[in-house]
Amino acid sequence: MAHPQPRPNVLQIPAYVPGRPPTAREGMTTFKLSSNENPYPPLPGVLEAAVAAVGQVNRYPDMGSTALYAALADRFDVPVERLSVATGSVALIYQLLAAFCDPGDEVVHAWRSFEAYPIAIAAAGAVSVRVPVLADGRHDLDAMAAAVTERTKVVLVCTPNNPTGPAVTQAELDAFLAQVPQRVLVVVDEAYAEFVRTPDPVDGVATQARHDNVVVTRTFSKAYGLAALRVGFAVAPEPVAGALRAVSLPFGVSTVAQAAAIASLAAEAELLERVDALVAERDRVLAGVREAGWRVPDAQGNFVWFELGERTLDFAAAADERGVVVRPFAGEGARVSIGEAEANDRVVALARDFPPPA
């Protein structure tokens with residue numbers, strides 16, 4: 001008997017593997033360092049705004065996210081017409097691919113990079129063209145430019161790159177954009193932009209203003225600490241932003257998420273003080289890990305990458321025994337988020353005890 005069947009590309013979608021919660025251990029505080037979450041709770045003003053919005057959950061959200069668009073336009077000095085909001089920056093990437101890719105079109109991206117990219121590409125019926133990162137975890141932008149063909153519709157640039165850590169510089173991005181045809185949409189995924197401390201950081205919004213084929217995606221999940229509320233935004237040329245809004249899920253960004261995001265923008269100075277503290281912890285962990293003999297890539301997000309190959313799962317198990325859960329990528333390496341100071345201390349101690357690659 002015949003049964004309903006999904007489109008063939010749906011059957012090829014790889015599963016997304018989220019960072020799992022820590023294993024409870026008697027007499028030990030355990031820590032989740034597997035999802036690149038901000039370990040700080042929301043600031044009081046943000047929490048109060050969210051709680052007040054809960055009182056309206058019997059009503060649909062403002063589908064136009066009017067107040068949030070106005071706050072974003074004011075903060076980033078861009079017209080509302082060049083903005084699109086959605087349930088996290090990952091939703092915007094799904095929407096971009098749905099809006100711009102026909103079945104069989106190609107999407108070029110670095111690998112390893114954000115795990116959701118191949119999933120979103122397969123869901124759109126497009127073809128994932130993976131360009132290996134360099135030995136130091138950086139995007140090989142020249143190779144990515146060379147991988148663009150007549151079938152390429154979109155290029156994804158993740159900076160800082162999740163999970164390896166390095167960020168693209170503005171000079172590198174400018175040189176790359178000069179090589180990419182104007183017909184190809186270049187998505188600059190800046191989910192971790194607030195953590196970057198390189199001498200020549202990418203200014204995604206300013207870059208977008210200079211290019212009609214560039215889209216910048218940002219999120220409130222990481223630096224702003226609103227991961228559970230799912231809200232992100234894109235800055236794009238007006239026609240692209242319009243296409244993103246056209247394919248968005250109606251009422252997708254909840255009333256609570258909108259209120260919390262607006263309050264977070266108002267409290268940005270205090271929030272970014274917390275980001276500075278996380279960057280200081282990141283640098284401390286990076287120094288401790290390197291002192292232990294590990295060659296780890298530059299870390300410009302809120303995480304550190306350990307290249308482990310076949311020992312990846314052993315490393316993850318050793319971390320678990322210490323009450324810390326990390327995000328392993330079997331056969332490749334482990335990504336370890338920056339968390340509470342005690343958790344970070346345990347990571348450095350693990351790095352000293354677990355032999356680094358020869």
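Modeller: UniProt positions are given here in the numbering of this chain, and such annotations may be inferred rather than shown by experiment. The model itself is predicted.

Biologist: Which domain does UniProt place on the chain, and at which residues?

Modeller: The unreviewed UniProt entry places "domain: Aminotransferase class I/classII large" at residues 31-348. In the model, the end C-alpha atoms of that span lie 14 Å apart, and the span is 40% helix and 17% strand.

Biologist: What does UniProt annotate at Lys222, and where is Lys222 found?

Modeller: The annotation, again from an unreviewed entry, is "modified residue: N6-(pyridoxal phosphate)lysine". Lys222 is found in the loop between strand 7 (214-219) and strand 8 (232-235).

Biologist: Why does Lys222 count as buried?

Modeller: The relative accessibility of Lys222 is 15%, and buried means under 20%; therefore Lys222 counts as buried. Leaving aside neighbours within four places in sequence, Lys222 is in contact with Ser35, Asn36, Asn38, Ala191, Tyr192 and Phe195.

Biologist: What makes Pro18 exposed?

Modeller: Exposed means over 50%, and Pro18 has a relative accessible area of 53%, so Pro18 is exposed. Pro18 sits in the loop between helix 1 (8-11) and strand 1 (31-32). From Pro18 to Asp102 the separation is 84 residues in sequence and 28 Å in space, C-alpha to C-alpha.

Biologist: Why is the pair of Phe220 and Tyr224 called tilted?

Modeller: A pair of aromatic rings is described by the distance of the centres and the angle of the planes. For Phe220 and Tyr224 the centres are 4.8 Å apart and the planes stand at 55 degrees. Centres must lie within 6.5 Å for a pair, planes under 30 degrees apart count as stacked and planes over 60 as edge-to-face. The value of 55 degrees meets neither angle limit, so the pair is tilted. By this rule the count comes to twelve aromatic pairs.

Biologist: How do you know that Phe220 and Tyr224 are buried, and which residues form the aromatic cluster?

Modeller: Phe220 has a relative accessible area of 1% and Tyr224 one of 6%. The limit for buried is under 20%, so Phe220 is buried, and so is Tyr224. The cluster is formed by Phe76, Phe220, Tyr224 and Phe233.

Biologist: What makes Arg75 lie over the face of Phe76?

Modeller: The rule asks for CZ of Arg within 6 Å of the ring centre and within 35 degrees of the ring normal. Arg75 is placed at 4.5 Å from the ring centre of Phe76 and lies over its face. Arg327 likewise lies over the face of Phe329, at 4.2 Å from the ring centre.

Biologist: How do you know that strand 8 pairs with strand 7, and what joins strand 2 to strand 8?

Modeller: Two strands pair if there are at least two bridges between them. Strand 7 and strand 8 have four bridges in the antiparallel sense, so the condition is met. Arg218 stands opposite Phe233 there. Four bridges also join strand 2 (residues 83-86) to strand 8, again antiparallel, with Gly232 as the bridge partner of Ala86. From strand 8, Gly232 and Ala234 point one way, Phe233 and Val235 the other way, and all are buried.

Biologist: Which strands form the open sheet, and in what order?

Modeller: Its three strands stand in the order 9-12-11, with antiparallel pairing. Strand 9 (303-307) and strand 11 (327-329) are the edge strands, each pairing on one side only. Strand 9 pairs with strand 12 (residues 333-337) over five bridges, and Phe303 stands opposite Ser337.

Biologist: Why is helix 5 described as mostly covered, and what covers its buried residues?

Modeller: Seven of the eight residues of helix 5 (residues 116-123) are buried, among them Tyr117, Pro118 and Ile119. The covering elements include helix 1, helix 4 (89-100) and strand 3 (106-111). In helix 1 lies Asn9, which touches Ala122, Ala123, Ala124 and Gly125, not counting residues up to four places away in sequence. At 13% relative accessible area, Asn9 falls under the 20% limit and is therefore buried. Gly125, which follows helix 5, has a positive phi, near 80 degrees.

Definitions and conventions
Residues are numbered from 1 along each chain as its sequence is written. This is a predicted model: local features need pLDDT of at least 70, side-chain atom pairs count only at pLDDT 80 or more; totals for chains, interfaces and linings use all residues. Side-chain values use heavy atoms; hydrogens and water are left out. Helices (H or I, at least four residues) and strands (E, at least two) are DSSP runs, numbered from the N terminus. Rings of Phe, Tyr and Trp (its six-membered ring) pair if their centres lie within 6.5 Å; planes under 30 degrees apart count as stacked, over 60 as edge-to-face and the rest as tilted. Buried means under 20% relative accessible area, exposed over 50%, partly exposed in between (1.4 Å probe, protein chains only). Contact means heavy atoms within 4.5 Å.
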